[in-house]
Amino acid sequence: MNAVVVEHLSKAYGKTQALDDLSFQVNEGELYGIIGPDGAGKTTLFRILTTLMLADKGTATVAGLDVAKDFRAIRRCIGYMPGRFSLYQDLTVEENLQFFATVFGTTIRQNYYLIEDIYRQIEPFKHRLAGKLSGGMKQKLALCCALIHKPEVLFLDEPTTGVDPVSRKEFWGMLLRLKQQGITILVSTPYMDEATLCDRIALIQNGRFLQVDTPQNIVAHYPSTLWDVQTDNMHALLDDLRHYPSIKTAFTFGAACHVTPQENTCPEQLMAYLTGKGHCHISILPIPATIEDCFMVLMSKQDNGRQRI
Ligand code: ADP
């Protein structure tokens, strides 16, 4: 059985189409990433799947239950960690966990094995008010609270946004261990580097999935050659690249520009063009595509499609 089945789901807020005829399935035990920028529709999708909001059109089931009709049963068998900190700031770490266990009719002891690995890290602060925890610790506590009733399906909405890189890494380590316990996990994130840790990812933009596949397949099917281009004048580089007709796309990536050349364009031609534009210390290196490169190409295709319409 699929853990989640979504068919033709749409949701609008006034004139904003947050979800646009979305269909997909998540397998049982899968770690499924929904990757996309702010405003892409991730939170709206999670709110519908966690029964907090109704769709305008379409259907969805979670653990075989209908999100509209069986909302009570769904709430018992899912865990949800919303994007914003969801815990009680004026309760302590321990009191928050106790509260969530009680609400779900269980005890901390009953499912402690599931959270032990995570809770041990915040246990030294168990008497601290949740509102006084650091970002990384709040996130660990929120995950413990979402897990304490042993959910079948876990929904994590941007759990690592605003969290330091070390805590982000630790958090993903925890998700991989939870997956080994058989829990299905849907996780949304704007961080492309996290996407590579998922079994499959859906790239979302404007309420539509641009592509769904394993991270390995997505990068393997990058449609062109890709170059990492750097010069002594990075400020002017992007603009100069975008005015060069033999280039399909150019995007800034950290300290470099990632460039997709037109077919039959060789690095020497680009080197000559950039030299003519006054650039020095020019480096042009072929590189493998990352998820972010794939996403940029897919997004620009969607934008071009819209412009043509
Ligand atoms: P994400 O989680 O990917 O940032 P959201 O689902 O929050 O995306 O938002 C999708 C779109 O819907 C955005 O354009 C956002 O501005 C809009 N939106 C979200 N919630 C509301 C709301 N309550 N009222 C009006 N527009 C909303």
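Here are three short exercises, with worked solutions, on this predicted model.

**Exercise 1.** Describe how helix 4 and helix 5 pack, starting from the angle and the distance between their axes.

*Solution.* Let's begin with the geometry. Helix 4 spans residues 112–122 and helix 5 spans residues 135–147; their axes lie 9 Å apart, at an angle of about 150°. Angles over 145 degrees count as roughly antiparallel, so helix 4 is roughly antiparallel to helix 5. The crossing of the two helices is left-handed.

Next, look at who meets whom. Helix 4 brings Leu114, Ile115, Ile118, Tyr119, Gln121 and Ile122, which meet Met137, Lys140, Leu141, Leu143, Cys144 and Leu147 of helix 5. Sorted by character, the residues of this contact are 10 nonpolar, one polar and one charged.

**Exercise 2.** Work out which strands stand at the edges of the open sheet that contains strands 11 to 14.

*Solution.* First, write down the strand order: 12-13-11-14, with antiparallel pairing. Then read off the ends: strand 12 (247–253) and strand 14 (283–286) each have a single partner strand, so each has one side without a neighbour in the sheet. On average, neighbouring strands are turned by 25° against each other, direction ignored.

Now step inside the sheet. Strand 11 (residues 227–230) pairs with strand 13 (residues 256–261) over three bridges, in the antiparallel sense. Asp228 has His258 in strand 13 as its bridge partner.

**Exercise 3.** Find which strands helix 9 lies across.

*Solution.* Helix 9 covers residues 234–242 and lies across strand 11, strand 12 and strand 13. Relative to strand 12, helix 9 runs at about 160°.

Conventions:
Residues are numbered from 1 along each chain as its sequence is written. This is a predicted model: local features need pLDDT of at least 70, side-chain atom pairs count only at pLDDT 80 or more; totals for chains, interfaces and linings use all residues. Axes are lines fitted to C-alpha atoms, for helices over the stretch in contact, and angles run from 0 to 180 degrees between N-to-C directions. Helices (H or I, at least four residues) and strands (E, at least two) are DSSP runs, numbered from the N terminus. Angles under 35 degrees count as roughly parallel, over 145 as roughly antiparallel, 65 to 115 as roughly perpendicular and the rest as oblique. A crossing is left-handed if the near helix is turned anticlockwise from the far one by less than a right angle, and right-handed if clockwise. Two residues are in contact if their C-beta atoms, placed from the backbone, lie within 7 Å. Ala, Val, Leu, Ile, Met, Phe, Trp, Tyr, Cys and Pro count as nonpolar, Asp, Glu, Lys and Arg as charged, and the others, Gly among them, as polar. Two strands pair if DSSP finds at least two bridges between them.
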